[in-house]
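Welcome, and please open the model in your viewer. We will go from stop to stop, selecting a few residues at a time and looking at what is there.

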Amino acid sequence: MDKIVELSVENFKAVKKADIALNGITVVSGINGCGKSSLSQLLYYSFYYANHYEEIV
């Protein structure tokens, strides 16, 4: 399966640096406070605003 999205994140909330390839099912795990929820919020709002761009503008 080809990569769907390749994502690089730096200094976003609790995420200091992350390189992630979203491909089919992607599992994010880690200790409390490492940025799992921050990453989830980033992905949600990125895809939401990308898909609703015309409505927002």
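How many helices and how many strands are there in the protein? Colour the cartoon by secondary structure and you will find two helices and two strands. Keep in mind that this is a predicted model. Following the chain along its sequence, you meet the elements in the pattern β-β-α-α. Zoom out for a moment: the C-alpha trace spans about 40 × 30 × 15 Å along its principal axes. Of the 57 residues in the protein, 16% are buried.

**Stop 1: the two strands**

Select residues 5-12 for β1 and 15-22 for β2. The two strands run antiparallel, and seven bridges join them. To look at one partnership, pick Glu6 and then Ala21 in β2, which is its bridge partner.

Now move to the turn. β1 and β2 form a hairpin, with two residues between the strands. One residue to select here is Lys13, which lies in the loop between β1 and β2. Its phi is positive, about 50°, although Lys13 is not a glycine. Is Lys13 buried or exposed? Lys13 counts as exposed because its relative accessibility is 54%, and the cut-off for exposed is over 50%.

Next, select Asn11, which is found in strand β1. Asn11 also has a positive phi of about 50° and is not a glycine. With a relative accessibility of 63%, Asn11 counts as exposed.

**Stop 2: the nonpolar core**

Which residues make up the largest nonpolar core? Select Leu7, Val9, Val15, Ala18, Ile20, Leu22 and Leu39, and show their side chains: these seven form the core. Both β1 and β2 supply at least two residues each. The largest share, four residues, comes from β2. As a general background, nonpolar side chains in soluble globular proteins tend to be buried together.

**Stop 3: a salt bridge**

Stay in this part of the chain and select Lys17 and Asp19. They form a salt bridge, with their closest N and O atoms 3.6 Å apart. That distance qualifies because the cut-off is 4 Å. Both residues are exposed. The count for the structure comes to one salt bridge. In general, side chains of opposite charge can pair when their charged atoms come close.

**Stop 4: the loop before the helix**

Select Gly35, which lies in the loop between β2 and α1. Is Gly35 buried or exposed? Gly35 is buried, because its relative accessible area is 11% and buried means under 20%. Now add Ile4 to your selection and draw a distance between the two C-alpha atoms. Gly35 and Ile4 are 31 residues apart along the chain, and their C-alpha atoms are separated by 22 Å.

**Stop 5: the tyrosine cluster**

Move on to helix α1, residues 36-51, and show the aromatic side chains. The structure holds four aromatic pairs. Start with Tyr44 and Tyr45, whose pair is edge-to-face: the centres are 4.9 Å apart and the planes meet at 85°. Tyr45 is partly exposed, at 44% relative accessibility.

Then swap Tyr45 for Tyr48. Tyr44 and Tyr48 form a stacked pair, 5.9 Å from centre to centre, with 15° between the planes. How far apart are Tyr44 and Tyr48 in helix α1? They are four residues apart, so about one helical turn separates them. Tyr48 has a relative accessible area of 34% and is therefore partly exposed.

Add Tyr49 to complete the picture: ring pairs link Tyr44, Tyr45, Tyr48 and Tyr49 into a cluster.

**Stop 6: a nonpolar patch on the surface**

Keep those four tyrosines selected, add Tyr53, Ile56 and Val57, and switch on the surface. Together these residues form a nonpolar patch with about 800 Å² of accessible area. Helices α1 and α2 (53-56) are the elements that give two or more residues to the patch. Which element gives the largest share? That is α1, with four residues.

To finish, go back to the whole chain and trace the pattern β-β-α-α once more.

Conventions
Residues numbered from 1 in each chain as written. Predicted model: local features only at pLDDT ≥ 70, side-chain atom pairs only at ≥ 80, totals over all residues. Heavy atoms only, no water. Core = buried A, V, L, I, M, F, W, Y, C linked by side-chain atoms within 4.5 Å. Buried < 20%, exposed > 50% of the residue type's maximum accessible area, 1.4 Å probe, protein only. Salt bridge = Lys/Arg side-chain N within 4 Å of Asp/Glu carboxyl O. Phe/Tyr/Trp six-rings, centres within 6.5 Å; stacked < 30°, edge-to-face > 60°. Pairing = 2+ DSSP bridges. Patch = residues over 30% accessible without salt bridge, like charges linked within 9 Å, V, L, I, M, F, W, Y side chains within 5 Å. Areas by Shrake-Rupley, 256 points an atom, 1.4 Å probe, with all protein chains shown as cover.
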